[in-house]
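Trainee: I'd like to learn how to read the way helices pack against each other. Could you walk me through it?

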Amino acid sequence: MKKEKSVIHDFTTGSIPGHLINFAIPILLSNLMMILLNTVDMAVVGRVLGQAGTSAISTGFAIALFVNTFAGGFSAASQIQIAHLVGAGEHKRISTYISTVSGIIFVFTLAIMAVTIPLNKTLINLVNTPPEAYKGALQYSLINLLGIIPIFAYHILSAFIRGLGDSKHPFYFIAIACSLNIILDLLFVGVFHWGVASAAIATVIAQFISVICSITFLYNNRQKLGLSLSKKDFFTWNKPISINFLKLSIPIALKNCAIHGAALAVTSLVNNFGVTISAFSGIRDNINITIILLINCIGASGAMIVGQNLAARKLSRVLKTMGWVAVFALSSTLIISLAFSIFPEQIVSLYTSEPDIIKLARPYIPIALIAFSGLGFNAIFRSLVDGSGNHKINIWIAIFDAVIARVGLAYLLGVYLNKGYMGLWYGLALSEYVPVIIGIIFFMSGVWKRKTAIQS
């Protein structure tokens, strides 16, 4: 009888670059799908509604992204901790982990909705949204907040699956969602002319479909994974798992929240320069998010391999993994930097046809090169920081990267030294190197060599 292929993937043996490539490519493709999803929203709305539509999408998306950073923190923590269980050979604890964490996240999601939905208008006002874009931004962010449950659920379910070493199926699910989102965008905005709000509705519907696919996959493979779950398991939480999850997920979520909160603060300053600068800033943010998603797939893949090998106490493979992450991340940022240097107007024109916005692309080149390079170095140490599951280091990154560096440097260059919106963007670009410095200190300290929290 042919042996059934395991759903759980072991990265503690075999070729490190092979594992890195095989795990990273589906994440890369998933991120490209997410990029395409966001780009289509902005491109369709921008071409139908002009600068006001582009600005509305960029501002509304920034608010939604700020809230979604909590999902990123929860998913990153659960993905790494499941990797620790796999690396330590604790497969039997995965079922308890999934039920406990799912219940915690559901409660957190309801709490986040209860807080953010009443504050939506306040957030839109805080970022100085241009009057022409105000109504659209308000509608876009509100609908995303109302649809936060499927958006959060997709991120968490994908993290569970990736934590088991499977990055392919989350890609399949987001590909289905993205295809549906594009069709609905073109239909709702381009054909029916339902405006900015309909782009957000399309996104929520698409994410809901991806959640259905993820649940179906886990249910169909429950025996292979050793999952034995009942409804009461999601409300009867394992105390040690709950504590370890919250200790890691909350600092990561706060770090992400602080970073995006800082970005919102800078967006508020940029929006004072008018709708054209606001629209380009939204495109700039979208381009940066695109590069971050591309480079982060390398860092996230490295973190998975680092996490398993730390749990298995194979420290030499951790160092080799960081080396290969450096090769892939830095070569990728070099190619991206060259592409933007040669074709800046063409890249920006993917988002808009407005000449006043496109002409800002070339002066932005030096800022882009600084930011892209920082992201490449960031991926190297992110693989170690995230893979270790150390919650304290994420708190330090939140304090220094977001609160001090991003807001501080942007304000120093843009406002105090009176360099305008270019100074604000230079400040954000330079802040990308702060996590690199913290990562180097963390690496040199040797703290990462200790046992993982989930093992202890």
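Mentor: Let's go through confidence first, then two helix pairs. Keep in mind that this is a predicted model.

Trainee: What is the mean pLDDT of the protein?

Mentor: The mean is 83, and 95% of the residues reach 70 or more. Among the elements, helix α7 (residues 222-225) has the lowest mean pLDDT, 73, while helix α10 (residues 315-342) has the highest, 93.

Trainee: Okay, on to packing. At what angle do α2 and α4 pack?

Mentor: Helix α2 covers residues 94-126 and helix α4 covers residues 148-163; they pack at about 155 degrees, with axes 10 Å apart. Angles over 145 degrees count as roughly antiparallel, so that is how α2 and α4 run relative to each other. Their crossing is right-handed.

Trainee: Which residues make that contact?

Mentor: From α2, look for Y97, I98, V101, S102, I105, T109, L110, I112 and M113. From α4, you'll find I148, I149, F152, I156 and F160. Sorted by class, this contact has 12 nonpolar residues, 2 polar ones and no charged ones.

Trainee: And how far apart are the axes of α4 and α5?

Mentor: The axes of α4 and helix α5 (residues 168-191) are 8 Å apart, and the packing angle is about 155 degrees. By the cut-off I just gave you, α4 and α5 are therefore roughly antiparallel.

Trainee: What residues touch there?

Mentor: α4 brings Y154, S158, I161 and R162, and α5 brings P170, F173 and I174. The contact of α4 with α5 splits into 5 nonpolar, 1 polar and 1 charged.

Terms used:
Residues are numbered from 1 along each chain as its sequence is written. This is a predicted model: local features need pLDDT of at least 70, side-chain atom pairs count only at pLDDT 80 or more; totals for chains, interfaces and linings use all residues. Side-chain values use heavy atoms; hydrogens and water are left out. Axes are lines fitted to C-alpha atoms, for helices over the stretch in contact, and angles run from 0 to 180 degrees between N-to-C directions. Helices (H or I, at least four residues) and strands (E, at least two) are DSSP runs, numbered from the N terminus. Angles under 35 degrees count as roughly parallel, over 145 as roughly antiparallel, 65 to 115 as roughly perpendicular and the rest as oblique. A crossing is left-handed if the near helix is turned anticlockwise from the far one by less than a right angle, and right-handed if clockwise. Contact means heavy atoms within 4.5 Å. Ala, Val, Leu, Ile, Met, Phe, Trp, Tyr, Cys and Pro count as nonpolar, Asp, Glu, Lys and Arg as charged, and the others, Gly among them, as polar. pLDDT is the predictor's confidence in each residue, from 0 to 100.
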